[in-house]
Amino acid sequence: MIGPEEGVMQSRAQAMAAIFELLTDQPLIVCNGFPSREACKLRDRDQNFYMIGSMGATAGIGLGLALAQPEKTVVVFDGDGNVLMSLGTLATIGALQPKNLIHVVFDNEVYGTTGNQPTYSRMVGLDKVARAAGYMNVERVWEKEDIVYEFKAMLADSGPSFLLIKVNEQLEEADRIALAPQELTKRFKQSVS
Amino acid sequence: MLEADDFVKGLQDIGFDFFTGVPDTILGGIIAHLTEERIYTPAVREDEAVAMAAGAYFGGKVPAVLMQNSGLGNALNVLESLNLIYQIPCLLLVSWRGFEGKDAPEHLVMGETMTTLLDTIKIPHRTLTAETMTEDLQWTAKTFMEQRIPVALLLKKGIVKTVQP
């Protein structure tokens, strides 16, 4: 597959903003590092849960919530480094088939929060892994129009869905999460249960 | 020796309604019963199981995670950097492999150091006995509700009837 030139690839924050436009009250789990800080800056909402540690646990948390609340669509904002750390969770999701889980992966092919060390996602297509694991809908996109089109379709269709968004390495300037972790737990739990 | 269905009923009676984990022979009977009741969701790693339990807790469930004590090593980072700092509780039903050094070599170090490890990371724990099951479960529920952190119930070989492999 051929994407746009690297110079015109979107930043993760731009791609996130496109998805935030489509969210209403869906619970959202955001992986640790800059993705959580960027999401908090772009659109802080009670239904956002920001991880600050526990790298690799993003999809597992989303899966547990999706199983507990089958009538709600649960969205996960993940990164390539996080997904690679817990590839087994793709198998768990593929096996359990939660219809209400949308797994969005912002793939910048680096560990961006720690200084852009390369990940293996350049060589290993995470969308191919997700498809092999049994996700119902799997798409790889680069451009905003395609993000919007595919994410809308995933909101309407039965999952589990996997949206791999190729983004550049640019970080959005964003502060650390101001809310204390236990306050985030209270706020998030109240908003979803 | 406790029957698996009595033990599971005891857990359900104090509110536990979401069960996940990774198997161990000591836990085999419990997992068989949970599976029969269709309330067990298998995980592939113990840290994944703890993460799923956290998500289920957000969604209103009262979660329990079953694991061999070797799995505590796999779950350590999630317990420390998710559950303990976010105050997300779960019950850890941990089999005590390597108890008193009577087990296969791979279990001996964890068997000897597990309670020290749990003390170090400040996860409250208690060892289940057949005679004190009711008190053990009450202590579990109370600690879970009051502290909102993971609480471990340790299961030695032979405490709950298991299945033959």
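## A walk around chain B

Buried residues account for 51% of the 165 residues in chain B. Keep in mind along the way that you are looking at a predicted model.

**Stop 1: the whole chain.** Select chain B and show it as a cartoon. You will find six helices and six strands. Trace them from the N terminus and the order reads α-β-α-β-α-β-α-β-α-β-α-β. Chain B has a radius of gyration of 14 Å, close to the 15 Å that the globule rule gives for 165 residues, so it is as compact as a globular protein of that length. If you like to draw a bounding box, align it with the principal axes: the C-alpha atoms of chain B fill roughly 40 × 35 × 30 Å.

**Stop 2: the contacts inside.** Now switch on a contact map for chain B. Take the contacts between residues at least 6 apart in sequence: 76% of them join residues at least 24 apart.

**Stop 3: the side that touches chain A.** Bring chain A into view as well. Here 25 residues of chain B are in contact with 27 residues of chain A. Which elements of chain B give two or more residues to this side? Select residues 46-58 and then 70-86 of chain B: these are helix H3 and helix H4, the elements that do so. H3(B) gives the most, with nine residues.

**Stop 4: colour by residue type.** Stay on the side of chain B that touches chain A and colour its residues by class. They divide into 14 nonpolar, seven polar and four charged.

How values were computed
Residues numbered from 1 in each chain as written. Chains lettered and ligands numbered in written order. Predicted model: local features only at pLDDT ≥ 70, side-chain atom pairs only at ≥ 80, totals over all residues. Helix = DSSP H or I, 4+ residues; strand = E, 2+ residues; numbered from the N terminus. Rg over C-alpha atoms; globule rule 2.2 N^0.38 Å. Buried ≥ 20, exposed ≤ 12 C-beta atoms within 10 Å, placed from the backbone. Contact = placed C-beta atoms within 7 Å. Nonpolar A, V, L, I, M, F, W, Y, C, P; charged D, E, K, R; others polar.
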